[in-house]
Structure formats: C-alpha cells, structure tokens
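Me: I am a first-year student, and I would like a close look at one part of this protein, with the terms explained as they come up. Please begin with the whole and then turn to the part.

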Amino acid sequence: MVQSRVALVTGANRGIGLEVCRQLAVRRYRVILTARDGSKAEAAARMLRAAGDLDVQHARLDVADPQSIRTLVDELAERSENVDVLVNNAAILLGEDQAVLDVPVDELRRTFETNVFGAVGVAHAFVPGMVERRFGRVVNVSSEAGQLASMRTYAPAYAMSKAALNAFTVQLGEATRGTGVLVNSACPGWVRTDMGGPGASRSVEEGADTIVWLATLSSRGPTAGFFSDRRAIPW
Ligand code: NAP
C-alpha cells in the first residue's frame, strides 16, 4: 500500500487552518492538526474525523515558543512520523488601525515572533528532513497586506511581518531549489474568520483553495513564488 503523505498545519484549531486540514485530509493526506492549546487541537481533529473517514491526528504547537517546536519534533520522531508538507498558517493581527509611528516596538516584536520567527522555526525543524528525503512542500500563508507592490498604511506590524514572511519564502525556495522541496507564499484573500470578520468576501473553503493547491503541487510545480487564486502575484 502507498503510504500517505503527512501534512502538518499550524494554527489549525479554527479559521483557514482548520479548513486546510479538512481539504488535505479529503485528498487522503495524513494530517497533523496543530494548535497552541492542545485541547483545542484535539477537539478540532475529533470534529474533522467525525465528519468523515479522515486521517487527522492532533498535536500541541505554539509556534512562538521554541521549546514547543522542539517537543513536537521529539514526539514525531518517537512515532517515526516524517513531515512531507508544512503549512505555516498561524498568525496574529494586532493594531490593525494603528499608524506606524504608534506601533509599540513590543507589539511589532510579538507579531514577528508568531508570524515570522514562528514560521522560520517550524521550517527549521522540518525542512531539512524534506531535503534529505527529496520531497517537500512548504506553504507560508501570507497576505496581500504584505505585498510591497501595493503596501500603504494598513496594519503596519502585520503588513511588515507578512513582507518578511514573503522574503523567507524567497530565501528558502531558492535555497532548496532542485531538492524536491517547493516553497511558496499564498494569499487566501479576505476570508470570513475571526481575523477577517463576518463581512469578509470569502468563505474558508475559498480561502483555503490556493493554500491546498500549493501544498499538493506536483514535482513540476513552482517554487519561491507568491500566489493568489492559483496565480502568481507581485511581491
Ligand atoms: P484566525 O481565525 O485568527 O486564526 C488564527 C489561528 O492562528 C488560530 O488558530 C490561532 O490560535 C493561531 N495562532 C495564533 N498564534 C499562534 C501561535 N503562537 N502558535 C500557534 N497558533 C497560533 O485567522 P485566519 O483568518 O484563519 O488566518 C489564517 C492565516 O491566513 C493567517 O496567516 C492570516 O494572516 C492569513 N490571512 C487571513 C486573511 C483573512 O481575511 N482571514 C487574509 C489574509 C491572510 P488560537 O485559537 O489559540 O488563538
């Protein structure tokens, strides 16, 4: 029997991350749904399994806590579980309406801890194994807010963090080019979640689409790119 690919999704107890887990599991991936609150991860995984014959495991992962990343790496090593697909989805949005000069440096630091260093830390933990096994997909869930081409004054801390995350996509994508690992940024659009609010234009199903497409790319797929609606967009 062909072994299912294993996909790990961060910040997946709700919102887009949860829907990405569902869509990957429907595509017969073995999913590790992670959340910073272990009991929320467990409840979300149980809910997805109850909805169908889906292979969804759960694990605790606070991406802003290096010890939490190390603990998960050890747990997965003990279970001989390799990660083939990593979706860096976890993020926070602080001070959406603040002017850049009013953003306390500490708030900027907190935002970067999750949205940038968190994604980098989790990639450090799992990408070397992907390179070794000559297969991997990394999707950094970014935002149009981080697009330098159109950036103005919206949500300075968040926007700067997503621009930095995009830079990480380019660095990691280029560093792993030709190894079987494909690394891309995805913009889900404006999605009805706690972050996007009830007035957003897209459902979580629509928001997850490009992320899942990038997570399931064939070996001929792109790397080091930024995508929205399955199309390349400017950085
Ligand atoms: P959401 O509903 O606010 O969910 C965010 C998720 O991230 C939650 O599960 C949250 O966990 C988790 N999280 C936050 N800090 C974490 C940490 N340190 N460790 C682990 N998990 C953490 O947001 P969403 O709308 O689903 O957003 C998902 C992704 O899409 C984010 O990267 C976001 O920037 C991006 N995005 C969203 C939109 C939109 O319109 N919604 C637009 C563009 C981009 P808790 O439940 O524990 O807080």
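Reply: What follows goes from the whole protein to one pair of aromatic rings, and ends with a single loop residue.

This is a predicted model, in which local features need pLDDT of at least 70 and side-chain atom pairs count only at pLDDT 80 or more, whereas totals for chains, interfaces and linings use all residues. Residues are numbered from 1 along each chain as its sequence is written, and side-chain values use heavy atoms, with hydrogens and water left out.

The protein has six helices and eight strands, where helices (H or I, at least four residues) and strands (E, at least two) are DSSP runs numbered from the N terminus. Read from the N terminus, the order of these elements is β-α-β-α-β-α-β-α-β-α-β-α-β-β. The radius of gyration, taken over C-alpha atoms, is 17 Å, close to the 18 Å that the globule rule (2.2 Å times the number of residues to the power 0.38) gives for 235 residues, so the protein is as compact as a globular protein of that length. Of the 235 residues, 51% count as buried, a word that here means under 20% relative accessible area, while exposed means over 50% and partly exposed lies in between (1.4 Å probe, protein chains only).

Now to the rings. Rings of Phe, Tyr and Trp (its six-membered ring) pair if their centres lie within 6.5 Å, and planes under 30 degrees apart count as stacked, over 60 as edge-to-face and the rest as tilted. By this rule there are three aromatic pairs. In one of them, Trp-213 and Phe-227, the ring centres are 5.5 Å apart and the planes stand at 75°, so the pair is edge-to-face. This pair links distant parts of the chain, since Trp-213 belongs to helix α6 (residues 204-215) and Phe-227 to strand β7 (residues 225-228), 14 residues apart. Trp-213 is partly exposed, with a relative accessible area of 23%, whereas Phe-227 is buried, with a value of 8%.

The loop residue is Ala-90, which is found between β4 (85-88) and α4 (105-133). Leaving aside its neighbours within four places in sequence, Ala-90 is in contact (heavy atoms within 4.5 Å) with Thr-10, Gly-11, Val-63, Thr-114 and Asn-115. The C-alpha atoms of Ala-90 and Gly-15 are separated by 10.0 Å, although these two residues are 75 residues apart along the chain. Across the protein, residues 24 or more positions apart account for 70% of the contacts with a separation of 6 or more.
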